[in-house]
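Grab a pencil and work through these exercises with the model open beside you. Try each task before you read its solution.

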Amino acid sequence: MRKTELAKSYSLTQLTGMNVFLKAENRQKTNAFKLRGAYNKIASLTEEERKRGVIASSAGNHAQGVAYAAKVFGINATICMPETAPKTKVESTKSYGATVVQYGLVYDDCYQKAVEIQKETGATFVHPFNDPYVIAGQGTIGLEILDEFSDVDAIVVPIGGGGIISGIAIAMKHIKPSIKVIGVQAEVIASTRASLDAGKIVTLPGVKSLADGISVKTPGDVTFDIIQKYVDDVVTVSEDEIEDAIYRLLQKSKLVVEGAGATTAAAVINGKVNMSGKNVVCVLTGGNIDPMVLANIIQKRMHSYRFICSFFNICVEKNE
């Protein structure tokens, strides 16, 4: 693992009126934060558990984290991933030596498949979010941020199952309770937001989002309890807002960020987080976006830009 960059985004600061900083977990090994939790969990296993190997379910980034950590410790790993997982994530997981089984459309589907395989093989299950060791590993992001920049007023974190925000929230609230911890979900599959509104865990229909890494139908029970206790708010962003954030981060910050990771930037860009003049950190959780998806976003946004410029020029000519 590596300590990732925390840098001020002058473009987002100018745009939003907040002092926006970006925590670039897209530049972590395996290009996502998930390695932190997976490595911490696998490091905690007994020799007997390691001999039986590990199994995990993942939309993609946890898969790579588990596969990488398993390779480091020399143990076998089987990963269940959705059939809709980006090809880049599937191939990267295989490249670390893991066996990949693709099943279902979203995380919850492949989770059920992983449970079946675990019962058959006796392998140790490495849960992507609902595990204290995994949560603690993700929480090191919060420790790094505070170690480098103690004047943080708020931190914005994507929520899928809730592992990363749980770890960060525990770290933040115990060291500096005044820090606001704000979660972000894709509005088409905002299961944590719906659960908070209902006052209990609810399951939503599986819907494919551009933020595939946080397309989780049901929050974890461990993480949901932590979120209820420590997280100040959970907001949602649309698919168009996520797409726009991906493009802005690429264009202005030269950062390749996947949909889930870009939700935090989408939230601040579109006024879902309103803390004018305050120091706000957006965690960019991963950069494993399908190249074809990224190419389509660039093409679409560039076409829109050219159309606006052409329209503006026509209006100017008519007024001359």
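**Exercise 1.** Find the residue of β10 that stands opposite Ala154, then work out how β7 pairs with its neighbours.

*Solution.*
- Step 1: Look across from Ala154 and you land on Val280 in β10.
- Step 2: Widen the view to whole strands, which, like helices, are DSSP runs numbered from the N terminus (strands: E, at least two residues; helices: H or I, at least four). β7 and strand β10 (residues 279-284) run parallel and share three bridges; two strands count as paired if DSSP finds at least two bridges between them.
- Step 3: Turn to strand β8 (residues 180-186), which is parallel to β7 and joined to it by five bridges. Here Val156 has Ile182 of β8 opposite it.
- Step 4: Add the helix: β7, α8 and β8 form a right-handed β-α-β unit. Right-handed means that, with the strands pointing away from the viewer, the path from the first strand over the helix to the second runs clockwise.

A quick note on the ground rules: this is a predicted model, where local features need pLDDT of at least 70 and side-chain atom pairs count only at pLDDT 80 or more, while totals for chains, interfaces and linings use all residues. Residues are numbered from 1 along each chain as its sequence is written, and side-chain values use heavy atoms, with hydrogens and water left out.

**Exercise 2.** Sort the residues of β7 and β10 by the side they point to, and decide whether they are buried or exposed.

*Solution.*
- Step 1: Recall the rule of thumb: in a regular strand, side chains alternate between the two faces of the sheet.
- Step 2: Fix the words. Buried is under 20% relative accessible area, exposed is over 50%, and partly exposed is in between (1.4 Å probe, protein chains only).
- Step 3: Apply this to β7 (residues 154-158), where five of five residues are buried. Ala154, Val156 and Pro158 sit on one side, with Ile155 and Val157 on the other.
- Step 4: Do the same for β10, where six of six residues are buried. Asn279, Val281 and Val283 point one way, while Val280, Cys282 and Leu284 point the other way.
- Step 5: Check another partner of β10: strand β2 (residues 19-24) pairs with β10 in the parallel sense over six bridges, and Asn19 is opposite Asn279.

**Exercise 3.** Which residues of helix α10 (residues 221-230) are buried, and why do they fall on the same side?

*Solution.*
- Step 1: List the buried ones: Thr223, Phe224, Ile226, Ile227 and Tyr230.
- Step 2: They lie on the same side of α10 because they cover an arc of only 165° around the axis. The arc is that of the directions from the helix axis to the C-beta atoms.
- Step 3: Flip to the other side of α10, where Asp225 and Lys229 are exposed.
- Step 4: Remember the general pattern: an α-helix has 3.6 residues a turn, so residues three or four places apart point the same way.
- Step 5: Try it on helix α5 (residues 87-95), whose buried residues include Lys89, Val90 and Thr93. Their arc is only 100° around the axis, which puts them on the same side of α5. Lys87 and Ser95 are exposed on the other side of α5.

**Exercise 4.** Work out the order of the strands in the open sheet of four strands, and name its edges.

*Solution.*
- Step 1: Read across the sheet: the order is β5-β4-β3-β6, with parallel pairing.
- Step 2: Pick out the strands that pair on one side only, β5 (99-102) and β6 (124-125); these are the edges.
- Step 3: Zoom in on strand β4 (residues 77-81), which is parallel to β5 and shares four bridges with it. One of the pairs is Ile79 with Val100 in β5.

**Exercise 5.** Find which residues line the second largest pocket, and which helix gives the most to the lining.

*Solution.*
- Step 1: Define the space. On a 1 Å grid over the protein atoms alone, a pocket is an open set of points with protein on both sides within 12 Å along at least five of seven lines, and lining residues have an atom within 4 Å of a point.- Step 2: List the lining: Tyr107, Asp108, Tyr111, Gln112, His127, Phe129, Asn130, Thr218, Pro219, Gly220 and Asp221.
- Step 3: Name the top contributor: helix α6 (residues 107-121), with four residues.

How values were computed: On a 1 Å grid over the protein atoms alone, a cavity is a set of points where a 1.4 Å probe fits but cannot get out, and a pocket is an open set with protein on both sides within 12 Å along at least five of seven lines; lining residues have an atom within 4 Å of a point.
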